[in-house]
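Please open the structure in a viewer and keep the sequence at hand. The tour below proceeds by selection, each stop naming what to choose and what is to be found there.

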Amino acid sequence: MRKGVWITRSMDYDQSQSHMRSTLIPFSPAQPSKWKDPIATESRSLDAISGNKVVNEVNVQVILRCRPLNEDEMHAETPTVILCDEIKGEVSAVHQTTNKQRTYSFDGVFGPTAQQKELFQTISPIIEEVLEGYSCTIFAYGQTGTGKTYTMEGQKMGKSWELPSDAGIIPRAVQQIFHVLKSKDAEYSMKVTYLEIYNEEIVDLLCPNENLDFAVNEAKRSIILMEDSGGATFLRGLKQALIHSADEIYELFEKGSVKRRTAETLLNKQSSRSHSIFSVTVHVKDCTPEGEDLTKCGKLNLVDLAGSENIIRSGARELRAREAGEINKSLLTLGRVINALAEHSGHIPYRDSKLTRLLKDSLGGTAKTCIIATISPSIHCLDETLSTLDYASRAKTIKNRPKVNHRAIKSELIKDLYAEIGCLRKEVNALREKNSAYRSQDHYQNQENQMKEVPYHNKAIDQGDHSSVLLKDKYKENAKNKEKDALIRDLRSSEKALTEQILKLQKELENAASDVSSLSAKAEIHDRLLDENKTRFQNFHVQLSLKLEYLHKAVAASAEQQQQQMKLLDVKMQSLMSRRNEVSEELALQLRKIQDLYCYHIKYIGEIAGEIDRNFQSTCHKMTSEVSRGFSSFGDIFKEKLWEGISAIHELKDIIYSQEDKLTTFVQEQGEVHLRALELSKTSTKATLTFFENLRMHLSNMSKIEEYLQSAIAEKLRELEMKFEDFAVKERLQLIERVGELLESSDNRKKNMVQEAVKCLSERTASRAGKIQQEMSQMHDLTSDAKKEWTAYVEKMETTYRDNTSTLQIDSNMKESSRHCIGKAELVAEQLENISKSASGLEDSAGSMTSIIENGIKANETISSRLASAILSGLKDANLAPHPVSTPENSSQAGWDSLASVCSIIDSSCQDMGEMETFHKQITRNAKSCLLDEYEVDVPS
Ligand SMILES: Nc1ncnc2c1ncn2[C@@H]1O[C@H](COP(=O)(O)OP(=O)(O)OP(=O)(O)O)[C@@H](O)[C@H]1O
């Protein structure tokens, strides 16, 4: 640190102290350096002595600012698409056509109404960090006209250097720095630099603009960017102004800005295409807790970047090819550096542009960085706004490792400075004695002293005792002469050695000069070749850019087309799905109708089945009652007649017995009585015949009734069968296929059961009827036998009687015949009893027939209940068991699922397309820079 650079609050500001230095200016103070620059030396020694305090990683701070609509936009009633939520720190961009909203969050959000002061309050902690010894950088990034310069510089200051209300970050930061230094009563030194990067040329904005032909000479005076082996960046030729007050900075900044604008006019530049970096370096004196002096070295870089819109596109049209290639190289490289840092990629392309080389430490380095992204709320800027928001979001993820720079112990610093002063003195002496022999400083001083002593001795000779003095003088003279001789000898020998040394050095110098000249000739050739190569490469690069742009356009157009087609497909899918839903609903309605109809028919079938059942039961009851009535009436008549016959037979027996008794008495009365007896027997015979006739008639009636019953039952059963068959056929036709099958099987089962029951019933009825017939025919046979026998007996009795009457000796015969007749009558009575038993057997048959019919009814009831349960299950099937796939709801769900899958396919395609586009952009960028990577040769460091 140079003496006199330090100023204190009590020191008066001396304008003469504000001088410029134009040596090597280190731009990344944290980097170790081999250059013999005092600042660089300071950096190196401080790192070694005190050690830099490394703190944890911190993210780059990103603040978003949205400007208000300008007058033209307001006049044109331009729609706005940006919503700022300052409290949440969120910004939303609304896409007008799709109405989709994309939201981004940042460390700070400032809407159109936000004031410069409010923004600065968020930034001010960073400014304080500068005074703590950190390197801090504030970037303004955004599309042209979104307020970068407004945010960084703000309203111009007046002559009094008072801060206006619209003052930007730069003047406010300067004011704050001085305010803090003043409040701490600190000892400090401050330097500022102000440069511009345009077309990858660095221009010093603090360099006095004395040359009128500025445009012509500017290129010659451009600053050279260098790097040492440790990666530290230096700027050769950049002026560094020592500053003592805020006003000085305002003045310098104003001059620099004027120069920038003048250069814009002279060189036809556009401010939106150049980057400006205003740097303030402050060394603040401090002391350690142990009481040792320290120096903190903080640096604040305030960067106003070029407009972020795609300058290559406009540049290629408007500017010369070289400019088109170079114009935005720094900005593009900055984007690539941010991307590489955000993606933690191995290689960070800092070296690809001057801007990124200068700000290397601010992105992923040891500085504290804040990016202010500026956007416009206008719908017309939406694309650029989204690109800025994406860029800013990516930048948020960059991590820096800030560390305090240049904390130094004063004694060490002074030691360094003394060493440096010693070197400089030697250099000065060497320069002074460029054309003579080199004398060391001590030797020079001795000689000077001796030269001073000579006049003093001359005086003493004049004034002293002549003789003694003479002797003394002679002695002294001799001694001196001896000394002088020795000295001269020494001098001569050293002169000789020096001359030899000088000759040697001259020779070496000559050799070095010839080496230098040959080297510079080579360097010139090399530079020329480099320039040629650079021009060729730039031409090629421009052509490549144009072709890539054309390719990019084609890809973008194709992607656009694809997206439109996707959208169309999406719309079509939606309409298809809505139509499908309608159809599904219709189908569901129809299915419900069919279900209702089916239920109705099933119910109807149930009702018919119930009716049949009831009909069958009533028929069976009727039949049973009819059969039992028929049987009982038949039994009654039969019994009646039988009893009549039996009583008649008994009567006959009694009569015969009485005849027999009376016969003896009648024997005497042969004439009159036998006629009466004959007459009586004729009557009884007639009655018996009539009885038998009646009995036969009743039997035939019974047989008819039985036949009728049988045919009626058969008829009813046939009817039932036919009805059932008809019903089953109808039912089969009406039921849907699946239920039809079920019912058909049920139907078959039922039919088989009914047929079996009917068959069994018929068989039993037939067998019973056969038995009845058999009994009847037996009875018939018996009665006819009895009739025959009776007739024969009567005839025989008649003849016997005639014989008896004709002869008087017929008594014994008659008695015998009477006994025989009684025996026969008993036999007949016996047979009639048998018949009666058969009749009761017939009743039993009727009972068993009734039980068969009841069994039939029961079987029918079982069948009916099964039919009812089948109907119920059919109804259940119809209502409760929908087909898992065929229901409209399921189909609809399946349809939605398939729609969702199609939509997801569309989305993924869109995403793929987006990715493809990004990938293509990446390729474009890579292609544009790859050759630069390969071939660009830096200015030698
Ligand atoms: N937040 C704001 N409030 C009021 N006016 C603003 C704001 N931001 C920008 N403006 C106005 O918008 C105009 C353009 O701003 P400015 O020149 O700062 O934009 P820029 O991004 O620096 O453009 P370029 O990239 O061309 O340098 C100026 O007139 C400025 O006053």
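**First stop: helix H10**

Select H10, a helix of 14 residues: at 1.5 Å a residue it should span 20 Å, and its end C-alpha atoms are indeed 20 Å apart, so the two values agree. The model in view is a predicted one. H10 is mostly covered, with ten of its 14 residues buried. Among the buried residues of H10 are Lys 329, Arg 336, Leu 331, Val 337 and Leu 341.

Continue just past the end of H10 to His 344, which takes a positive phi of about 55 degrees although it is not a glycine. His 344 is placed in the loop between helix H10 (329-342) and helix H11 (354-358). Is His 344 buried or exposed? His 344 counts as exposed, because it has 11 C-beta neighbours inside 10 Å and the limit for an exposed residue is 12 or fewer.

**Second stop: Asp 185**

Asp 185 also merits selection: although not a glycine, it has a positive phi of about 55 degrees. Asp 185 is found in the loop between helix H5 (169-183) and E10. With 9 C-beta neighbours inside 10 Å, Asp 185 counts as exposed.

**Third stop: helix H12**

Select residues 382-396, which form helix H12. The 15 residues of H12 should span 21 Å at 1.5 Å a residue, and the end C-alpha atoms are 21 Å apart, in agreement. Which residues of H12 are buried? They are Glu 384, Thr 385, Thr 388, Leu 389, Tyr 391, Ala 392 and Ala 395. These residues lie on the same side of H12, because they cover an arc of only 165 degrees around the axis.

**Fourth stop: the largest nonpolar core**

Ala 392 leads from H12 to the next selection. Within the largest nonpolar core, which has 87 residues, Val 62, Leu 64, Ile 138, Leu 302, Ile 371 and Ala 392 touch the most other members. Strand E10 (residues 188-198) supplies the largest share of this core, seven residues. In soluble globular proteins, nonpolar side chains tend to be buried together.

Now centre the view on Leu 302. Apart from its neighbours within four places in sequence, Leu 302 is in contact with Ile 138, Met 152, Ile 169, Ile 170, Ala 173 and Phe 278.

**Fifth stop: the annotated binding site**

Next, select Gly 142, Gln 143, Thr 144, Gly 145, Thr 146, Gly 147, Lys 148 and Thr 149, which an unreviewed UniProt entry annotates as "binding site". Two of these residues are taken in turn.

Gly 147 lies in the loop between strand E9 (135-142) and helix H4 (148-152). Gly 147 counts as buried because it has 22 C-beta neighbours inside 10 Å, where 20 or more are required. Leaving out residues up to four places away in sequence, Gly 147 touches Arg 65, Arg 67 and Thr 374.

Thr 149 is found in helix H4. With 18 other C-beta atoms within 10 Å, Thr 149 is partly exposed.

**Sixth stop: Met 74 and Ser 378**

Select Met 74, whose place is in helix H2 (residues 71-75). Met 74 counts as exposed, having 10 C-beta neighbours inside 10 Å. Add Ser 378 to the selection: the two residues are 304 apart along the chain, yet their C-alpha atoms are separated by 9.8 Å.

**Seventh stop: the annotated coiled coil**

The unreviewed UniProt entry places the feature "coiled-coil region" at residues 414-441 and 488-522. Select residues 488-522: this span is 100% helix and 0% strand, and its end C-alpha atoms lie 48 Å apart.

**Last stop: the whole protein and its confidence**

Zoom out to the whole protein, which has 19 helices and 18 strands. Of its 941 residues, 29% are buried. Among contacts between residues at least 6 apart in sequence, 77% join residues at least 24 apart.

Finally, colour the model by pLDDT. The protein averages a pLDDT of 73, and 66% of the residues score at least 70. Among the elements, strand E8 (residues 108-110) has the highest mean pLDDT (96) and helix H1 (residues 38-49) the lowest (32). Over residues 311-321 the pLDDT stays under 50, and the model has 19 contacts beyond four places in sequence for them. Residues 934-941 also have a pLDDT below 50, with eight contacts in the model beyond near neighbours in sequence. Where pLDDT is low, the predicted coordinates should not be read in detail.

Methods
Residues numbered from 1 in each chain as written. Predicted model: local features only at pLDDT ≥ 70, side-chain atom pairs only at ≥ 80, totals over all residues. UniProt positions renumbered as here; feature names shortened; annotations may be inferred. Helix = DSSP H or I, 4+ residues; strand = E, 2+ residues; numbered from the N terminus. Contact = placed C-beta atoms within 7 Å. Core = buried A, V, L, I, M, F, W, Y, C linked by C-beta atoms within 7 Å. Expected span 1.5 Å × (residues − 1). Arc of directions from axis to C-beta. pLDDT = per-residue confidence, 0-100.
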